[in-house]
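Reader: Could we go through this one together, beginning with the contacts made by side-chain rings?

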Amino acid sequence: MKDRAQVVIIGGGIVGCSTAYHLTKMGLTDVVMVEKGELTSGSTWHAAGLVGQLRSERNITRMLQYSVSLYENLEKETGQATGWKKTGCLHLASTKARLYELKKGATTAKSFGLDMHMITPKEAYDLCPILSLDGIIGAAFMPTDGQADPSGITYALATGARNRGAVIYRNTLVIGFESKKNRVTAVKTDKGDIACEIVVNCTGMWGYQVGKLLGVNTPVVPFQHQFAVTNPIDGLPPNLPTIRDKDNLIYYKEEVGGLVMGGYERNGIPWAVDGVPNDFSANLLNSDFDHFLQLAEPATKRTPCLETAGIRKLVNGPEAFTPDGDAIMGPAPELENVFVAVGFNAFGIAAGGGAGRMMAEWIVEGEPSLDIWPLDIRRFGPHHHSRAYNVTRTKELYGKHYTVHWPHEEHTSARGVRRSPLYFLLKEQGAVYGAKYGWERPNWFAPEGVAPEDVHTFETPNWFTHVGAEHRNARENVVLIDQSSFCKFEIAGPGALPFLNRLCTNQIDQPVGKVIYTQMCNERGTIECDLTVGRVARDTFYLVVGTAFGRRAAWWIHHHMPKDGSVSFRDVTSCYSVLNVIGPKSRALLQRLVSEDICNAAFPFGTLKPITVGFAPAMAFRVTYVGELGYELYIPVEFACHVYETIWENGRDFGIANAGYRAIASLHLEKGYADWGSELTPEYTPYDAGLGFCVALEKDDFIGKAALARIKAQGPRWTLCTFTIDAGTPLMLQGSAPILHDGHVVSVTTSTGYGHTIGKNICYGYLPAKMADVLEGYEIESYKERYPAKREPRRALYDPQRKKILI
């Protein structure tokens, strides 16, 4: 056995083999794969093998599209049979909500150049004459989806990797690791050690326990998953499409003249949550016919041929699922040279080809060619270290695998993990909470007599009017918004200023008391994060990042910190509550409560000031994300309730009210402000996003400076634009809605919402730079309906001169 390799991949399933295949294809051939059993012997070998492409996230769909393009040619390349068949996939709808979801999918598919046709129940029957049409009100068909032999695909990928120099060791168990200075230096196996530069954890449902060996939190939870395989069925038509009848929670595919039928029941069963036995290789669990009955009964009604078809076997093969239903990929934040690719939530065969390519690009080039943030391991927070949390939330997500995915849907399990000190105060005032990064955050406030709950719908939601009232109060009076979930960091030390100036695009060398909005970019000049930096002392800086992106931002900061000890980093998120006092009457209200002078001259926009509110200390940042005069108050947590109560009691004659995050979403759209994860991603530069004012090219070298200077000189590739739709009544538009010009798709929306001040729907979207001056001829399509859209000449629709925030 080799005693060293540049990359060691642990796990010989489809994702591990695909990673090896793509690494060697990119020229990195010193690759060793270690598998404790035979290739595919984890969950790959018993997977159903359905290959669908469309997902709610655009770049995940792109990743799956690549899988299909790879599978179409893999057998020819390697000589290994893959069982790939482009059968198409038939999606059925028995409810109005499901029909909305299919229309959304068909609309989104158009933006990728994918064909997804809305068809009638009769047309569905013609494609698949084994169906009973009872209850079906509509359907959709995607002709480029298909099915594959999971083992065949995996062996073909392994063959391709071997042909280019990769070495695969089977029946070799990883038993530990050697580490030095936050890097793994060797993988220890039962047959010897392998020194290495990079380790990749591709161990599927063993991901959690291998992660524990590494010291990397990997919140994978195995669940039992069953499907039935029938005997050959007389008269079964050839070339049946795969079928997804999600209203009945079931799927089908043809196999050797019979059917495979499985599904995702609401009451899934976790298995081996504390660790999968290492000798569970090419094994199955005992069949549970009683549990499977809840899927079998609706299946026999939908496809009556099952009533007489003999069941050859009921396969119970565990698979790896995650607390948010998305795979776990990317660089482990705990170690410098470890990558993870596990937890594919039963779409590992569909994702395998693309996932391997993304991992290889991450390893070789430092980042994948697609921004796949929804899959990034750095999205997980401290609460994901709780095994109880992960099992509880994953159980809910498994049960929702095939349920309707409602707009603005909040999950109900494992709630109340992280709470602001104001949680109960606001709950008494009607707060309807959502969860983000474990935090309970007020989405909106139900007035007296209104049920404090979301009612799921694809149409106008029950909270729409109440959010509109919060929006108007922020524009006309003053509101309080609890934003304690902000991630907050302190960077200090004699090297703090040069370090931050190298990391950030904007000029951080500003006087003490200045607040700077900036981005951090990579060497390509695209955006890794956006944040606010407050200089609180000569060598001390306070950084504020969005709730869900703190781990990613912290990783980026740590990844670039000097090794000489001149800079310290401290996460102070839990030390401070944040109360946003916002609206045209905010200054008058606060001045009533503080002794410090907060007039515009004494406390201008973009500065910070220590103040005392009532009896409590606070640090006030004069900034805004909603386009009104306002102050973010950073308050030691033990004082938060006192500050809130003091402001509330003194604000009654100012028309004070609470507001939530859905009001923020509406307010910021009117003001033209971009959102991290929507408009601001590693796919775009500050110049694309209209944030060139945040790029200080005149300062000394910083990360991305050369690329940004070139982009400024040549002009950006994209232009972030604002569109409005005046349909007479508010529209509930889908996300990633295609933007059409003269009938052709030219882009998709990045954010959509309703502006309660301007009385119109608002959409953001990037257009190619060559269309920057094209103002007419646009439409936006949502749920298969097209709406004329006005390309606005300005990003900001409200107060474009910024008079309200600078007064």
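Author: One term is needed beforehand: a charge sits over a ring if NZ of Lys or CZ of Arg is within 6 Å of the ring centre and within 35 degrees of the ring normal. Please also keep in mind that this is a predicted model.

Reader: Fine, so which ring does Arg 164 lie over?

Author: Arg 164 sits over the face of Tyr 21, at 4.5 Å from the ring centre. A lysine is placed in a comparable contact, with Lys 36 lying over the face of Trp 206 at 3.8 Å from the centre of that ring.

Reader: And ring against ring, how many aromatic pairs does the structure hold?

Author: There are 30 aromatic pairs in the structure. One of them joins Tyr 251 and Tyr 264, whose ring centres are 6.0 Å apart and whose planes meet at 45°, so the pair is tilted.

Reader: Why does that pair tie together separate parts of the sequence?

Author: Tyr 251 belongs to strand 15 (residues 250-255), while Tyr 264 falls in the loop between strand 16 (258-263) and helix 7 (289-302), so the contact connects parts that are 13 residues apart in sequence.

Reader: Is Tyr 251 buried or exposed?

Author: Tyr 251 counts as buried, because its relative accessibility is 2%, and Tyr 264 counts as buried as well, at 5%.

Reader: Which cluster do ring pairs link Tyr 251 and Tyr 264 into?

Author: Ring pairs link Phe 223, Tyr 251, Tyr 264, Phe 321, Tyr 398 and Tyr 402 into a cluster.

Reader: What about Phe 621 and Tyr 634, how far is it centre to centre?

Author: Phe 621 and Tyr 634 are 4.8 Å apart centre to centre, with 50° between the planes, and this aromatic pair is tilted. The pair links distant parts of the chain, since Phe 621 is in strand 31 (residues 616-621) and Tyr 634 is in strand 32 (residues 630-636), 13 residues apart. Phe 621 is buried at 1% relative accessibility, and Tyr 634 is buried with a relative accessible area of 2%.

Reader: Switching to sheets, in what order do the five strands of the open sheet come?

Author: The order is 25-26-27-24-28, and the pairing is antiparallel. Strand 25 (515-521) and strand 28 (568-571) stand at the edges with a single partner strand each, so one side of each has no neighbour in the sheet. Neighbouring strands of this sheet are turned by 30° against each other on average, direction ignored.

Reader: How many bridges join strand 24 to strand 28?

Author: Four bridges join strand 24 (residues 487-492) to strand 28, and the two run antiparallel. Phe 489 stands opposite Asp 571 in strand 28.

Note on methods: Residues are numbered from 1 along each chain as its sequence is written. This is a predicted model: local features need pLDDT of at least 70, side-chain atom pairs count only at pLDDT 80 or more; totals for chains, interfaces and linings use all residues. Side-chain values use heavy atoms; hydrogens and water are left out. Rings of Phe, Tyr and Trp (its six-membered ring) pair if their centres lie within 6.5 Å; planes under 30 degrees apart count as stacked, over 60 as edge-to-face and the rest as tilted. Buried means under 20% relative accessible area, exposed over 50%, partly exposed in between (1.4 Å probe, protein chains only). Two strands pair if DSSP finds at least two bridges between them. Axes are lines fitted to C-alpha atoms, for helices over the stretch in contact, and angles run from 0 to 180 degrees between N-to-C directions.
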